[in-house]
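Here is a brief report on one protein model with a bound ligand. It covers the ligand site, the nonpolar cores and two backbone outliers.

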Amino acid sequence: MASQIMFDNVEAFYRPANVREALRLLHSGKGQARVVAGGTDIVVEGDNSVRFLIDITHAGLSYIRHRGPACVIGATTTMAELEGSDVIRALAGGLLSRAARSCGSAPVRNLATLGGNMAHGSPAADMATPLLVLDAAVVLAVARGRRKLPLAEYLTCARTNRYAKALLVEVVIPDPPRGKGCGWSFQKLGRTAVDISLASVSAGLQTDSRGRVKWARIALGSVSPAPMRASGAEQRMAGRILDHALLAEIGAEVAREVSPISDARASAEYRREICSVLTRRALEECSAPVGCSL
Ligand SMILES: Cc1cc2nc3c(=O)[nH]c(=O)nc-3n(C[C@H](O)[C@H](O)[C@H](O)COP(=O)(O)OP(=O)(O)OC[C@H]3O[C@@H](n4cnc5c(N)ncnc54)[C@H](O)[C@@H]3O)c2cc1C
C-alpha cells in the first residue's frame, strides 16, 4: 500500500499578509501547524502530524536591504533572487550568490528560500557555511517580540523543538572585511551538480600588507550534526604567512575538527579527507587575489 503524504491530513492552508498574523496562526495551531515557504524541504519530509500549513511567502519577508553597517535578507528571499541580486554579488566577492547558485536545479532555486534552508536545519544546507563565514545573525519573531541570535547558535538548535514556535524573519550580515588583502571561496562536492553536498567549505581571508593573516574564517557543511566553524584551524592561521606548509597544517587540523558520518553518499573517512582537500582549495582561492606565496 502506498504511504500517505503529509498533505492528506492538512485541514487548512493559510496565507497571512504579515509576520504578526503568521505568528498568531503558528501559536493557535497547538503544535500541529507548520510554516511553509518554498515547500522544497517540507514536501519531501512527509510529516503526517501536520494539520495546518502557514504559507509565509506573502508576509512581506522577501527583500535584500542595507541597514546601517549590515546587509539584511528577508527569510522568504529565494535562491534565484540571491543569485541574481547585484547587492549579493558585490558582497564578499559574491560568496553568497555562488552558494545560492549551487542549490539544486533552477526550478528548485526559484522556490527554495534562505529562511527555509536555515530553519530546516540540515547539516548540508548550502547557505549555512558562507553565512557562518560572514558572522551572520538571525532575527526571530517570537511571542514576546523579536530576538536576534548568532546563526551558529540557531543552527545547532534548528532540528530540536526549541524554536518550533518562532518565525525566522531575516538574516543579518555585518559588513565583511573588504579591499586589498581580502579573498573568499565556496567549495562544494556532490555526486552530481544538483545533488546535496558530500562536504562543503566556505572560507574568508584577510591579510595585512606583509602577507600575514589578519582575519580568517573557515566553515564546513555535511560533516558534523550542524554546519560548523573550524575555529581551531582559524586560530592557527592568525598572524602567519599562508604558504604550502601552513595549508597542509590547516587541512590536517580541519580533518581533526570535523565529525562526519558514513551514509549512502560517502564514508566518514572519505568525507574527512575531502574536508582537508576542499579547505586547502578554498584557502588557495582566497589567497589568489591577495597574491600570497602559494
Ligand atoms: C531536488 C532538490 C534539490 C535540492 N538541492 C539542495 C542543494 O543543493 N542545497 C541545499 O542546501 N538544499 C537543497 N535542497 C533543499 C531545499 O531546497 C533547501 O533547503 C531550501 O532552501 C528550503 O527552503 P524552502 O523555502 O523550500 O523551505 P520549506 O520546505 O518551505 O521549509 C523547510 C522547513 O523550514 C521551516 N521554515 C521555512 N521557513 C521558515 C521561517 N521563515 N521560519 C521558521 N521556519 C521556517 C518549515 O516549517 C520547514 O520545516 C534541495 C531540495 C530538493 C527538493
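## Ligand site and cores

Three elements each supply at least two residues of the shell around the ligand: strand 2 (33–36), helix 7 (114–119) and strand 8 (167–174). The model is a predicted one.

The ligand has 31 residues around it. Val35, Gly38, Thr40, Asp41 and Thr113 come nearest. By type, the shell divides into 17 nonpolar, nine polar and five charged residues.

Polar atoms of the protein also lie close to polar atoms of the ligand. The table lists three such pairs.

| Residue | Protein atom | Ligand atom | Distance |
|---|---|---|---|
| Valine 35 | backbone N or O | oxygen | 2.5 Å |
| Glycine 39 | backbone N or O | oxygen | 2.8 Å |
| Aspartate 126 | polar side-chain atom | nitrogen | 2.7 Å |

The protein buries 86% of the area that the ligand exposes when taken alone, which is 980 Å². Valine 35 thus appears twice here: it is one of the residues that come nearest to the ligand, and its backbone supplies the 2.5 Å pair.

Next, the nonpolar interior. The largest nonpolar core has 41 residues. Met118, Met127, Leu131, Leu151, Tyr154 and Ile173 have the most contacts inside this core. Take leucine 131, leaving aside its neighbours within four places in sequence. Leucine 131 is in contact with Leu96, Leu114, Met118, Ala136, Leu151, Val171 and Ile173. Met118, Leu151 and Ile173 are therefore on both lists: they are partners of leucine 131, and they are among the residues with the most contacts inside the core, where membership requires side-chain atoms within 4.5 Å. A second, separate core has 25 residues, including Met228, Ile250, Val254 and Val258.

Finally, the backbone. Most residues other than glycine have a negative phi. Which phi value does lysine 30 have? Lysine 30 has a positive phi, near 50°. Lysine 30 sits in the loop between helix 1 (19–28) and strand 2. Is lysine 30 buried or exposed? Lysine 30 counts as exposed, because its relative accessibility is 71% and the cut-off for exposed is over 50%.

Serine 222 also has a positive phi, near 70°. Its place is the loop between strand 11 (213–221) and strand 12 (228–229). Serine 222 counts as buried, because its relative accessibility is 12% and buried means under 20%.

Methods. Residues are numbered from 1 along each chain as its sequence is written. This is a predicted model: local features need pLDDT of at least 70, side-chain atom pairs count only at pLDDT 80 or more; totals for chains, interfaces and linings use all residues. Side-chain values use heavy atoms; hydrogens and water are left out. Buried means under 20% relative accessible area, exposed over 50%, partly exposed in between (1.4 Å probe, protein chains only). Contact means heavy atoms within 4.5 Å. A residue is near a molecule or strand if one of its heavy atoms lies within 4 Å of it. A polar contact is a pair of N or O atoms within 3.5 Å; within protein, one must be able to donate a hydrogen and the other to accept it, and residues adjacent in sequence count only if both atoms are side-chain atoms. Accessible areas come from the Shrake-Rupley method with a 1.4 Å probe; for residues, only the protein chains shown count as cover. Helices (H or I, at least four residues) and strands (E, at least two) are DSSP runs, numbered from the N terminus. Ala, Val, Leu, Ile, Met, Phe, Trp, Tyr, Cys and Pro count as nonpolar, Asp, Glu, Lys and Arg as charged, and the others, Gly among them, as polar.
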